Amino acid sequence: MNNITLIAGGGIAGLSLAYELQKRNIPYVILEAGREPGGVVHSFVKDGFELDAGPNSIGATPATIAFIREIGLEHEMMEAAATSKNRFLVRDQRLHPISPNPLKILTSPYLSGAAKWRLFTERFRAAQPTDTEESVASFIQRRFNREICDYLFDPILSGIYAGDPARLSIQEVLPFLPRWEKEYGSVTKGLFKNKGAMGGRKIIAFKGGNNKLVKHLLSLLTEPVRLNCRITAVERTATGYSVQYQAKGQTETMQVARLVFTTPAYATANGVQELDPALAQLLRGIIYPRMGVLHLGCDQDAVQNMPGGFGFLVPRAAGLHFLGAICTSEIFPSRAPQGKALFTIFTGGVQQEHYFDEMSDEDLQQKILSELGTLLQLTKPPVMQHFSRWEKAIPQLNTGHRQVRAAVQAFEERFPGIFISGNYISGVSIPAVLQHAGGLAEKLAVVS
Ligand SMILES: Cc1cc2nc3c(=O)[nH]c(=O)nc-3n(C[C@H](O)[C@H](O)[C@H](O)COP(=O)(O)OP(=O)(O)OC[C@H]3O[C@@H](n4cnc5c(N)ncnc54)[C@H](O)[C@@H]3O)c2cc1C
């Protein structure tokens, strides 16, 4: 019997878990379906611009920074410029500066008087805490109103999940809001009472591109990732599990004591199909929408209306063809050559996926460029343009996700030694993925 822990998937979740297991002297092997490790973390250089098609910036918690220090990557870490705290939202074809301080939102022309009134009076509205899972739209419209959902929460959630507030679960994506309603009777009261606890994150990235994190983790691992190995099925044996995988067109099997899935839900579904068809069906139900990432490099002097800050988000109601843009070189100047500006623009996701069916990638880029040109008052065409497509981008933690979590827990109890992880369990941000890997390794240390 092989006393090894098999890690399915060599994205950040799989690699960080391997690192955590190695630290605890637990033997592991990583099987990765792709030709390269790293999953959605993908960086490259074009015409002197450093581009990230996956994660661009990391909202690092103190635990993330401690991890980066621990692995010896601190010297490659860049902190975002101080102006990155400035954020903008688009309404009526222009950029509105938005402060996270609700009192400042009350004085901004971004929201109508009616919406500001609902914001201001939220604390007097009767609480209706419920233990039933609720959509973001239902919760926000109940506590505030439709406009606040459409013009504040819709773009904010586009920026993280490229999702739809009518489907995302508030308990999953903004769990502190229903908690505050329960504890304080009001979301705004909760915000003021927890003001200090909300900060503490630093926006960071890695010099040269965020795949530096992947490369560095790989350099620390004593076991190489086995590439081009796609796990297809798992069977229970008398002593553990028999894992079937495809490698170079051949079907291979490996006998293991423990197995951790860090693969996307739809891939994990295939792995658990024979063991638990009902869980497999739930996992297949998790939506991963298509997304596009457009990188634009411009001469700095061609950008007449440069937002001095992190970037801007676009509410669906604004009717544009993109979800938002990061002013990459404003926050991380070394991402662009001297005298140039780099923008990273996101399109698609649940609400805009239909554009991929309705127009070619070239037409979509042209449309985005024209809309962006108006907002930024671009006077010259970009000097660099690159478009990346993700066919399955970010898992949607929609209402019903609680059922997935319950089924995963029941499965793990029924099949000791198998753990189901991945960003639809840990949370999608890199800090959440890293933190989850540490916790999982602790659990594995107990059973190993
Ligand atoms: C466009 C985009 C932008 C993002 N921006 C940010 C950001 O700015 N900040 C942030 O914190 N987060 C961001 N995220 C989220 C974050 O990058 C991801 O949640 C995180 O990288 C996921 O890591 P993972 O290892 O869980 O999954 P993945 O990266 O998806 O890795 C899973 C791995 O499993 C492999 N695999 C699949 N099937 C099999 C199989 N059958 N057998 C073996 N291996 C298999 C895949 O090839 C892949 O390598 C972004 C994500 C995307 C897509």
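Which residue of β17 is the bridge partner of Ile326? In this predicted model, the bridge partner of Ile326 in β17 is Thr344, and the sections below place that pair in the wider structure.

## Overall build

The secondary structure of the protein chain comes to 20 helices and 19 strands. With a radius of gyration of 23 Å, close to the 22 Å that the globule rule gives for 448 residues, the chain is as compact as a globular protein of that length. Along the principal axes, its C-alpha atoms fill a box of roughly 65 × 55 × 45 Å.

Of the 448 residues, 46% count as buried. When contacts with a separation of 6 or more are considered, 71% of them in the protein chain are accounted for by residues 24 or more positions apart.

## The seven-stranded sheet

An open sheet is formed by 7 strands, which follow the order β8-β7-β15-β16-β17-β14-β18 with mixed pairing. The edges are taken by β8 (94–98) and β18 (384–390), each of which has a single partner strand, so one side of each is left without a neighbour in the sheet. On average, and with direction ignored, neighbouring strands of this sheet are turned by 25° against each other. Helix α6, residues 146–161, packs on the sheet and touches β7 (87–91), β15 (311–313) and β16 (324–326), while its direction makes about 120° with that of β15.

Strand β17 covers residues 340–348, and 9 of its 9 residues are buried, so this strand is largely enclosed by the rest of the structure. On one hand it pairs with β16 in the antiparallel sense over 3 bridges, and the pair Ile326 and Thr344 belongs to this pairing of bridge partners. On the other hand β17 pairs with β14, also in the antiparallel sense, over 9 bridges, and here Leu342 of β17 is the bridge partner of Gly297. Strand β14, residues 291–299, in turn pairs with β18 in the antiparallel sense over 7 bridges, with Arg389 in β18 as the bridge partner of Gly292.

## Two linked hairpins

Outside the order given above, attention turns to β10, β11 and β12. Strands β10 and β11 (residues 241–247) pair in the antiparallel sense over 7 bridges, and a hairpin joins the two through 4 residues. Within this pairing, Val234 stands opposite Val243 in β11.

Strand β11 also pairs with β12 (residues 250–256), again in the antiparallel sense and over 7 bridges. These two strands form a hairpin with 2 residues between them, and Lys248 in the turn has a positive phi of about 50°. Beside that turn, the bridge partner of Ala247 in β12 is Gln250.

## Around the ligand

The shell around the ligand holds 36 residues, of which Gly9, Gly11, Ala13, Gly39 and Ala267 come nearest. The elements that give two or more residues to this shell are α1 (12–23), β10 (229–236), β14 and α20 (430–447), and the largest share, 3 residues, comes from α1. By type, the residues of the shell divide into 20 nonpolar, 14 polar and 2 charged.

Ala13, one of the residues that come nearest to the ligand, is also in contact with Ser426. Ser426 has its place in helix α19, residues 423–426, and it counts as partly exposed because it has 19 C-beta neighbours inside 10 Å. Leaving aside neighbours within four places in sequence, the other contacts of Ser426 are Ser421, Ala432, Val433 and His436. The C-alpha atoms of Ser426 and His436 are separated by 5.7 Å, although the two residues are 10 apart along the chain.

## Loop residues with a positive phi

Most residues other than glycine have a negative phi. Asn25, which is not a glycine, has a positive phi of about 55°, and it lies in the loop between α1 and β2 (28–31). With 8 C-beta neighbours inside 10 Å, Asn25 counts as exposed.

Asp92 likewise has a positive phi of about 55° although it is not a glycine. The loop that holds Asp92 lies between β7 and β8, and Asp92 is exposed, with 8 other C-beta atoms within 10 Å.

Terms used
Residues are numbered from 1 along each chain as its sequence is written. This is a predicted model: local features need pLDDT of at least 70, side-chain atom pairs count only at pLDDT 80 or more; totals for chains, interfaces and linings use all residues. The radius of gyration is taken over C-alpha atoms; the globule rule is 2.2 Å times the number of residues to the power 0.38. A residue is buried if 20 or more other C-beta atoms lie within 10 Å of its own, exposed if 12 or fewer, and partly exposed in between; C-beta atoms are placed from the backbone. Two residues are in contact if their C-beta atoms, placed from the backbone, lie within 7 Å. Two strands pair if DSSP finds at least two bridges between them. Axes are lines fitted to C-alpha atoms, for helices over the stretch in contact, and angles run from 0 to 180 degrees between N-to-C directions. A residue is near a molecule or strand if its C-beta atom, placed from the backbone, lies within 6 Å of it. Ala, Val, Leu, Ile, Met, Phe, Trp, Tyr, Cys and Pro count as nonpolar, Asp, Glu, Lys and Arg as charged, and the others, Gly among them, as polar.
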